[in-house]
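Biologist: Could you take me through one part of this model up close, and then work outward from there? Plain talk is fine.

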Amino acid sequence: MRLKEKVAIITGGASGIGLAACERFLEEGAKVVLADFNEMEANNQIEKIREKGNEIDFIQVDVSDEDSVCRLVKETKKKYGKIDVLINNAGITDDATLVKMNIDQFHRVLDVNVKGVFLCTQAVAPTMIEQGKGKIINTSSVSGVYGNFGQTNYAASKAAVIGMTKTWAKELGRKGINVNAVAPGFTLTAMVKKMPEEIIEKMKGNVALQTLGKPRDIANAYLFLASEEANYVHGHVLHVDGGIMM
Ligand code: NAI
């Protein structure tokens, strides 16, 4: 029960890594707000979670929309009176090589992956400052650290997440708030499953552990950073990638 009574907002909680994080946090006693754009998928997953006897909230949000994010934070505070953990996990890809990428693709990915992380953190920060404590965990990617073929927009967005993490660690550390990032390697979720089989096999070959990550592997890293065990971990980018690049 490493998160007993902790209130956690998990964006992008309806699928993949975010869903695994919701499940993992519930196992550790957290009160979880699953925040996602995809209402249908969220309701499907929530039904399954409740069938297992767990309670969970769903608030529909578009992380790239300021009003929507404000509503998420307001409703969470109204119900629980506090926010202990924010997991900025929602993210999208829209791949194309440099010369083929159009400006809409570029903006779409930055809107969700950068503006979304900014808006959610900005909306939650005053509550955590008032509390004198809180944990903010942002999701970067191996692509943001090393670059990746066909991912100008995504790599830029995930590198920006690292820059924001370190900046907020400097600004919010003195307020008692831990800010860290997780940089997942290739993890078997909808995002990766839509790639061609031969590319997935090639990716596996680049991983020292010779296997792709499971959503729960990343959820465990979120859990560690959200727990009291990580109270002195700050401004850190935790690579959870099976040793893809060393
Ligand atoms: P996923 O595609 O399975 O899930 C993403 C979730 O975010 C979906 O439920 C989707 O509805 C939600 N979402 C998308 N746009 C949204 C918006 N505007 N507002 C609210 N929710 C929105 O993706 P996955 O693989 O679970 O990825 C989770 C995070 O991990 C993302 O930030 C991704 O960039 C990052 N990541 C994933 C890797 C992978 O190999 N799967 C590798 C490195 C990083």
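Let's begin at the front end: is Glu-5 buried or exposed, and how many other C-beta atoms lie within 10 Å?

Modeller: Glu-5 is exposed, because just 11 other C-beta atoms lie within 10 Å, and the cut-off for exposed is 12 or fewer. Bear in mind that this is a predicted model. Glu-5 sits in the segment before β1 (7–11). Its backbone is worth a look too: phi of Glu-5 is near 65 degrees, a positive value in a residue that isn't glycine.

Gln-210 has a positive phi as well, near 60 degrees, and again the residue is something other than glycine. You'll find Gln-210 in the loop between α8 (197–205) and α9 (215–226). With 10 C-beta neighbours inside 10 Å, Gln-210 counts as exposed.

Gly-163 falls in the middle class. It belongs to helix α6 (residues 152–172), and it counts as partly exposed because it has 13 C-beta neighbours inside 10 Å. If you want a distance to check, take Gly-163 and Ala-123: they are 40 residues apart along the chain, and their C-alpha atoms are separated by 18 Å.

Now for the buried side, starting with strand β6 (residues 177–184). Here 8 of the 8 residues are buried, so the strand is largely enclosed by the rest of the structure. Both faces are covered: one side carries Ile-177, Val-179, Ala-181 and Ala-183, the other Asn-178, Asn-180, Val-182 and Pro-184, and all of these are buried.

β6 also has strand partners. With strand β5 (residues 134–139) it pairs in the parallel sense over 6 bridges, and Gly-134 has Ile-177 of β6 as its bridge partner. With strand β7 (residues 237–240) the pairing is parallel too, over 4 bridges; there, Ala-183 is bridged to His-239 of β7.

Helix α1 (16–27) is another enclosed piece. Of its 12 residues, 11 are buried, so α1 is largely enclosed by the rest of the structure. The buried set includes small residues by name such as Gly-16, Gly-18, Ala-20 and Ala-21, along with Glu-23, Arg-24 and Phe-25. As a geometry check, 12 residues at 1.5 Å a residue should span 16 Å, and the end C-alpha atoms of α1 are 17 Å apart, which agrees. After α1 comes Gly-29, whose phi is positive, near 90 degrees.

That helix leads us to the ligand. There are 29 residues around it, and those that come nearest are Gly-12, Gly-16, Gly-91, Ser-141 and Thr-189. The elements giving two or more residues to this shell are α1, α4 (103–131) and α7 (190–193). Gly-16, then, is one of the nearest residues to the ligand and one of the buried residues of α1. By class, the shell has 13 nonpolar, 14 polar and 2 charged residues.

Finally, the record. An unreviewed UniProt entry lists residues 6–185 as "domain: Ketoreductase". In the model, that span is 53% helix and 18% strand, and its end C-alpha atoms lie 28 Å apart.

Methods: Residues are numbered from 1 along each chain as its sequence is written. This is a predicted model: local features need pLDDT of at least 70, side-chain atom pairs count only at pLDDT 80 or more; totals for chains, interfaces and linings use all residues. A residue is near a molecule or strand if its C-beta atom, placed from the backbone, lies within 6 Å of it. Ala, Val, Leu, Ile, Met, Phe, Trp, Tyr, Cys and Pro count as nonpolar, Asp, Glu, Lys and Arg as charged, and the others, Gly among them, as polar. A residue is buried if 20 or more other C-beta atoms lie within 10 Å of its own, exposed if 12 or fewer, and partly exposed in between; C-beta atoms are placed from the backbone. UniProt positions are given in the numbering used here, feature names are shortened, and annotations may be inferred rather than shown by experiment. Two strands pair if DSSP finds at least two bridges between them. The expected span of a helix is 1.5 Å times one less than its number of residues.
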